[in-house]
Structures are given as structure tokens and as C-alpha cells.
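Biologist: I want to learn how to read strand pairing and a chain contact. Can we work through one example together?
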Amino acid sequence: MRLAIQELTERGSIGPADVDGFLRDRRVPIIEGPHVTFLHRGDADAVHLQHWIRGLPSSQPFRRIEGTDLWYLVVDLPEGSRVEYKLEVVRGDRRELVRDPLNPLEARDPFGANSVCQAEGYRTPDWAVADPEARRGTIEEIAIPPGAFPEERRVRVYLPARFRRTRRYPLLLVHDGTDYLRYAALQEVLDNLVYRLEVAPLVAALLDPGDRLREYAADPAHARFVADEVVPALEARYPLNARPEARGLMGASFGAVAALHAAWLRPGTFGRLLLQSGSFAFSDIGGHDRGAVFDPVVEFVNAFRREPGRPSERLFVSCGQYESLIYENRSIVPLLQASGMTVRYVEARDGHNWENWRDRLREGLSWLFPGPLWLVYE
Amino acid sequence: MIARPWIALLGPQRFVPTVADTLARLECEGPLAVVTAGWQEREDEDRELRDHVGRPVVNLELYRRAEDVFARDPDLFAAHRRRQDRLLELQDAYRMRLGHAMAAARELLRRIEPAWALDAEREDAIAAVRALDEHHLARLETVHRAFRAEVRPSDRVAVAEHRSDLAERLAGVAALAVAGGHVAILLNRLRLFDVLSLAPRLPVIAWSAGAMAISRRVVAFHDSPPQGPGNAEVLDAGLGAVSGVTPLPHAERRLRLDDPVRVGLLARRLAPDVGVAFDPGARVLFRGDRFSVWHETRVLAGDGRVTAWRAS
């Protein structure tokens, strides 16, 4: 396959008008089969692609086309890949990390935003985009008085469309709930999947941590907060099905650790777990190299690996192939399966980011809380 | 041949309501009895429907009545649960066989060569799926017959009281409307009170799950479910008020109508019934032994196309 950038570079003398023409109406990065051409235009001494794909050098240099201010880099990405990146533009001794000005696709997260490269075969799922036909759920807020934590905590609660007090709903407790709403379109996803009958109408408690890296790092106080304070408060206030199979915990990264840890400390309480890119760091021998914040996580995961018990019934575990935690996630799956729980493990060609977690929600939620898709025809 | 003056099957009503227009065209005047049991706890939330039809509406409240019967007659309720368990067990067994039969038929339909070998195998594979569907339907009917013989629902006091009240209400209406919703719950409630037998000459207008429930058999379907292979399933025997068609509500959304292999296989599997795509606006009218089609109503064809229907 002759790439567009090859055709340009082989033209010989290239002027600004040629570059203008080349870029006009062109989607950047250029996707040609498995080949992805990243571009940057502007004066610079060097340009690098910064990404978080495990297995590739994290900083890859662009080449400048002689006599122009156009820089390019060709990378091969497998079908269906989705990659978040930034460009490092070097001018003199100044290095600037910027989003790709030629690419309008961006993904936000609590630290800002990244540019997004959608390789051949990747599509943003239609169920993750607001559907005007779908009935909207509502979100209200409740207060949990001081207990496990010294201060009152606010918990936002998603109620599905057509919520009725005469029904009994499953309960899903979502770690980093506000981030899931902001960066993983959780409300749109729930509205759409419930409307499409793929997920049972459910109540979702959107938990937000105080000190996240402490509370979500296998902190027994957090487990107490969830199991002994949030769940009873919600069951007192909303019509919830109190059986374990109708009660789920969900989280990503440290949130997945918090979910598994709470279920482990309260076996038989949470029958459904959705664990995304869990930070399940462990050490077979000696220490670990992930920093002090991981110390309690490693201690928990090591203990869990010794005695997993049977913390839940059904687990959906997902991880991106391009993230550094893929090894830890692959390692924990056989352990979970051996404990007699029903486990579904899914990998995606994506990284440690919110849109990866969003894109797995249909498969995970419809498996953990299946809706009446086959039975309801309105 | 239906004994009623007419039966109309309609597409989904939420965005393209056609009940009022259909009744007007059929010169059907007077109050309308409605069954909204498929909406379950929301059974009584029928304001939109009442506003749309603009005539007196008698909601038969079959969901509430069934709850009352189950509470008053524990033996009947226990027998009902046993029947449901048996139906589920049969469905599981059927699903095991169906998965393999469908995979074989689909694979044969996708292959072209060698035609001399595959043509006959393809036909036989589809016939095998059809035979499995009919076998399953017969077994489901056996379970229902056993339930009726054991329980005699119409003779139970709680059911009989409700039936008497329902008969009175039906005596004063011009037509019976059966709305969509949860098809198994709707069907169970219609069956429990044997509603259709209470008014054998009453015109019926039904849509979505309502249309499925009053047909000969209920076929549940979805080509792209988030879990599983998406094989349409015979879910239950219907009430048989109409035959010759298998209603497929929301076909546009639930089926991959641009996949000729899937469309063709479903159409041929449903034969001799016609798989009708009941999308918003679709209408089919049955009178005597004839049926006619209004507006753009499409059917699944054996060659994999989805075509405008030219009915008898």
C-alpha cells in the first residue's frame, strides 16, 4: 500500500501550497489500513509522539519533510485500536506537550484531555452517545452521615427512567461515579442500555472518594462505608432487591481494587463485580516498583492471591492490551476462576483511560444485569 | 378463518400512534377495552392511550387481577410457577439444540460451492430448524394442556369472579385493544382469564407484544443482542386468533435487515407463516380468511430481501 505521505514526499520539491493542499479536508491522523500517519505542522526542532502504549517506545520522533514545516510519523496499529496521545514539540530548550492541533478528536479525563487516534475498525459505540429516543433517568443526591469516615459524604443516585416505588431494582455501586458520568458517559450509557432492554432498569449509586489514593487502596474503612453505611441507607430509601445477585460493585483502576476489596471483606454481599483495568499489583517475592501509594494495594492483592475465598458470584473483568496493568489483570483471572466464581474476561486494544472503560460497559453490564431484551416488545 | 369481524395488527405506537385512525377507518365506534398487562406495574398508566383514541376506555387490568388471583389462590399460583419452571426447562433444552441447528443452517447459507452438494443440504438444514421449532411448540402446548387439565383455571373461584366481571365489561365495548410490553406476562394474563373466549365476536386491535400474543406462536428475536448468538426462538404458543403471520415488532431496530443470509434464513424458517416487519406505521388487517395491508408494511422474503407486502 502506497501511503498518502509517501506520495507527498516523493513529489520532489514541496512548497507551502502543496502542504496546504495535502492537509485540506484530510482527517488527521491519516488511517490507511493498519498504517497510521501522525502529522504536525509548525516550526520546531523536533516533534515526538507521546502515548501510553505498553510495548512501543513511549516517545517516538517525527520526521520533517525537507523544505517544509510538516512533520510526520507512521505507526502500525492493529485493527480496532484506540490510542490516546499528545505531541511533544521541541523548540530550543523548550519542550511543550500539546494536544494534536490537526485532530479534533479528544478524550477528557480528570487530568485534562488527550488527542485520540481511532485506528481502522474502531467505532464509537452508538449506545454511548445520547439517543433522543431513549427515556432519561434522573440523578438525585443523598447524604451519608459520618461513620467510617469522619465527615458526611454525599452520594449521587441514578434512578432509571420510569422509576417506580412498587418495583424492586438491582443496585450498582460505582466507584469514581462522577468521573464515570463525566468521562465515560455513564448516564447516557445507562439510559440507552435500559431503554434498549439490554440492561435491567437499575439504581446506581455514584460514589466519589475523599482521598482517593488512600480510600481506594484496599482501605477497610472504605469497605465499611460501602457495605455498612451506603447500602443500608440506599435500601432504606429506595425499593431495592436486597439479594446478592442484584447488588453489584464496579470500578476502574484503583476503583476496581476498592470494589474487589470491599467484596472480599464482605463475601456474600455483592454478587456482581465489574472490574476495569484493576490496579491489581502484587509481588511474588520481594517488593514492588510502583511507588508507596501501591503498598496497601500490593499487600491486599498478595493476601487475596493467597486466599481469594469466594467474594462474589459473577465477575466481569476487562483490561486494555496497551496498558501497563495487563499483566496483573491477566494474572488475576485464573485465580478468580479457580475460586468457583463465574468470570468473564475481556481485553481491548486500548489503554488505561475512561473511553476504554466506557466501551466495555455494554458487554459487562448486560452480562451482570441482563435486561428483558427477548421478552419486551413495546 | 377468523370469527371476528376483523382483527388489526399494528406496529409500535409510541412515535407513530395509529390505533385511533385504524378504528376510524374500520368505522368502529364506541368504547374500547384495553389490555395493558404487558406494561406490568405501569398497567394503569394509560393516559396517553386514552388521549390518543379519544373515546371511553375500559382498562381490563389483567395484571392487577392476576396478582389478586395469585394472592387468593396459592394452589393455582404454585401450579403456575411449576408450569413456568417447566417452560423454562424446555426452553433451555430447545436452545441447546437450536444453537447447533442454526449454526449449521447459517454456515450452509453462506457457502456457495459446490452447489450440487450444498443446495439439498441447505434446504434440509432449514427444514430441520423448522421441525425443531414445531417440535418445541408442540411440547410447550403439552405443558399448557397439562396445566389446564390439572388446575382448570376458569373453574377457580378467584378466576371465575374476575371472568364474570370481565365479561360484563367486554359486553359494553366496541373493540378490544391489546397493547405491547412484556410478551410472556401479557400472554399469561390473557391465558389465565381466557379473555378472547369471553368476547368471541369482538373486533381486536393489537400491537407489538399484543400482536405476538394473539398469533399462532410467539417468536422472540434479536439479531444483535449484547450476549449470545442472536438466534430467534419460539418462545411460546400464542392464542391463535390470527394465523399465517409471525409479527416481528421493531424489526428495523432488532433485526439486521441488510444481512440477506439472516433475513432469508428467518423468513424460510418461519414459513409457511410470513414474517412481517411491524415497524412504526405498519398495519395488517384480517377479515375472514383474507388479510390486507395498509401503508408501508414489509415482510421478510426467503431470498433475503425485505419487501413491501402484497397480501391476499
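Biologist: Which residue of β5(B) does Y377(A) stand opposite?

Modeller: First, a caution: this is a predicted model. Now the general idea. Strands of a sheet pair through backbone hydrogen bonds, in a parallel or an antiparallel way. Here, Y377(A) stands opposite G181(B) in β5(B).

Biologist: In which sense do β19(A) and β5(B) pair, parallel or antiparallel?

Modeller: Antiparallel, over 2 bridges. On the chain B side, the strand covers residues 181–182.

Biologist: How many residues does each chain bring to the contact?

Modeller: Interface size is often quoted as the accessible area lost when the parts come together. We can also count residues. Chain A gives 17 residues and chain B gives 19. On the chain A side, two elements each supply two or more residues: α11 (361–368) and β19 (376–377). The largest share, 4 residues, comes from α11(A).

Biologist: What classes of residue make up the side of chain A that touches chain B?

Modeller: That side has 8 nonpolar, 7 charged and 2 polar residues.

Biologist: Now a sheet within chain A. What is the strand order in the open sheet of 4 strands?

Modeller: Read across the sheet: β1-β2-β6-β5 in chain A, with antiparallel pairing. β1 (30–32) and β5 (63–64) of chain A are at the edges. Each has a single partner strand, so one side of each has no neighbour in the sheet.

Biologist: How many bridges join β1(A) and β2(A)?

Modeller: The two strands pair over 3 bridges, in the antiparallel sense. β2 of chain A spans residues 35–41. For E32(A), the bridge partner in β2(A) is H35(A).

Terms used. Residues numbered from 1 in each chain as written. Chains lettered and ligands numbered in written order. Predicted model: local features only at pLDDT ≥ 70, side-chain atom pairs only at ≥ 80, totals over all residues. Pairing = 2+ DSSP bridges. Contact = placed C-beta atoms within 7 Å. Nonpolar A, V, L, I, M, F, W, Y, C, P; charged D, E, K, R; others polar.
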